[in-house]
Amino acid sequence: MDRAWRHAVVLEVAEREARLGWFERAQPRAPAEPRTGRLFLDELSWARPVIAGTGGQPPRLGPAPRRMSDVLNPGDVVMVELEEARPAQGRTPARPERLGLRQAPEVEGAVVALDPNTGRVLAMAGGWSFERSWFNRATQAMRQPGSSFKPFVFLPALEAGIPPNQRYLDAEIEVPTGAGVWRPGNADGRVMGYMSMRRALELSRNLATVRVAQEVGIDRVAEVANRFGVIENMPHFLAMSLGAGETTVLRQAAAYASFVNGGRRVEPSFIDSVQDARGRVLWRTQARECVGCEAGPEAGPPQLSDNRRAIVDPIAAYQITSILQGAVQRGTGGRAATGLNRPIAGKTGTTNDFQDAWFVGYTPDIVIAVWVGYDEPRTLRRAGEPGNDVGGGRLAAPIFRDVLAAALGDSPPVPFRAPPGVALVRLQHDTGQTILEAFRPGTENAARDPTEVSGIGAGAAERVDSGLGGLY
């Protein structure tokens with residue numbers, strides 16, 4: 001069925017329904033013919049007025065419409081979509097074809113899907129409508145990644161041999177800066193005490209993340225961000241560990257792809273090859289040496305050499321993947337896997353004052369990065385609504401799920417492959433569940449007694465900077 005949006009004019013308005021008309025061509029070369037359809041009030045509960053906020057408060061939604069005239073009047077021109085008829089099912093009566101009211105959104109978004117093994121960009125959406133804006137938010141918009149940056153904070157800890165079950169304190173912390181004292185906070189405003197490094201990333205705990213960054217050093221975090229191409233020349237401020245820098249959707253997708261392919265640097269590509277008029281290949285995006293490709297079938301299968309730069313060892317890459325699987329199974333990214341029944345790893349991201357919502361996730365076959373926000377940064381939250389309802393787990397993760405479902409369809413689930421040498425040990429998770437934890441060989445019993453690593457707070461300056469203390 002054609003699901004394209006159409007411009008229609010309101011012809012009649014009754015108490016609980018309206019009749020609309022539009023012109024449509026049955027065939028491309030046929031003359032346009034008039035058509036009519038009906039729109040019903042019971043499907044317009046979302047069509048609520050937006051009431052401007054006062055005193056610095058965000059806008060809020062007005063009441064749901066009680067009659068059709070609250071939304072439409074004769075002569076209005078609106079966008080509609082044809083919704084197909086439904087046959088009767090059990091006690092559910094049949095429903096004839098009807099119209100659905102549609103509205104161009106104010107909020108924008110971007111999606112990138114790429115092959116983690118080749119870097120080939122499989123799909124990209126840079127905004128809601130190219131006709132409305134040529135600005136590509138997937139490649140051109142520099143936005144704060146929020147908590148979707150946290151894997152690059154935990155990675156240097158794993159590279160240094162710190163095991164995933166090492167415990168860190170999730171509690172208030174004060175960090176002296178040149179502008180005063182920085183006091184970050186968790187998204188929910190609560191603290192949870194000591195927790196494993198795995199659990200801190202699964203639940204996206206800001207305060208534990210800051211302590212991990214303190215222990216490994218913000219210089220090493222900046223080096224990892226540059227190595228993966230997420231943020232080049234990242235300022236060496238501790239707030240960057242919570243995603244206060246800026247990057248693009250395409251960079252995030254390419255960086256996460258290195259977690260899948262065993263630690264190889266991924267360079268996104270949009271063109272596979274260039275040929276001349278005779279079909280000879282002039283340029284190919286994959287600069288991989290192929291031994292035996294020129295031989296005939298009698299020579300056997302050719303050998304492809306992988307000359308991509310290794311930017312992280314396979315064991316640390318797999319440890320991050322294992323933890324990010326937990327973030328989907330037991331953490332903030334649960335909506336990314338609803339109904340898919342396949343291994344998925346990923347991380348949510350929400351920036352200060354709910355201005356950006358992210359989800360970057362992957363399977364062994366594909367990496368998908370999703371961003372939602374306004375072009376001119378402002379909060380996605382509306383007054384009177386819970387703030388957590390507009391975070392990455394609520395807004396971006398379901399989009400990831402829909403894109404992944406369309407991309408993989410009914411293909412069989414593929415598990416993440418553990419690299420040679422990794423030690424898989426069954427132990428008890430913070431939740432009481434039993435899981436297989438991935439350790440670097442020799443670190444299975446390396447977790448030390450938790451201690452306060454920062455020691456920061458004594459003699460803090462009187463001036464307090466809370467501008468970066470919100471949700472990331």
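1. The largest pocket in this predicted model has a volume of about 1,300 Å³. Its lining counts 38 residues. Gln103, Pro105, Glu106, Val107 and Arg382 lie nearest the centre of that pocket.

2. Which elements each supply at least two residues of this lining? There are three strands, β7 (98-102), β8 (108-114) and β20 (367-373), and one helix, α7 (392-408). β8 gives the most, with four residues. Note where Gln103, Pro105, Glu106 and Val107 sit in the numbering: after the end of β7 at 102 and before the start of β8 at 108.

3. Chemistry of the largest pocket: the lining holds 25 nonpolar residues, ten charged and three polar. Glu106 and Arg382, both among the residues nearest the centre, are of the charged class.

4. The second largest pocket has a volume of about 500 Å³. Here 18 residues form the lining. Nearest the centre of this pocket are Val260, Asn261, Gly262, Arg417 and Pro419.

5. Two helices, α5 (249-260) and α6 (314-329), each supply at least two residues of the second lining. Which of them has the largest share? That is α6, with four residues. Val260, one of the residues nearest the centre, is the last residue of α5.

6. Chemistry of the second largest pocket: twelve lining residues are nonpolar, four polar and two charged. Arg417, listed among those nearest the centre, belongs to the charged class.

How values were computed
Residues numbered from 1 in each chain as written. Predicted model: local features only at pLDDT ≥ 70, side-chain atom pairs only at ≥ 80, totals over all residues. Heavy atoms only, no water. 1 Å grid on protein atoms, 1.4 Å probe; cavity = no way out; pocket = protein on both sides within 12 Å on 5 of 7 lines; lining within 4 Å. Points joined across faces, edges and corners; volume = space filled by probe spheres on them.
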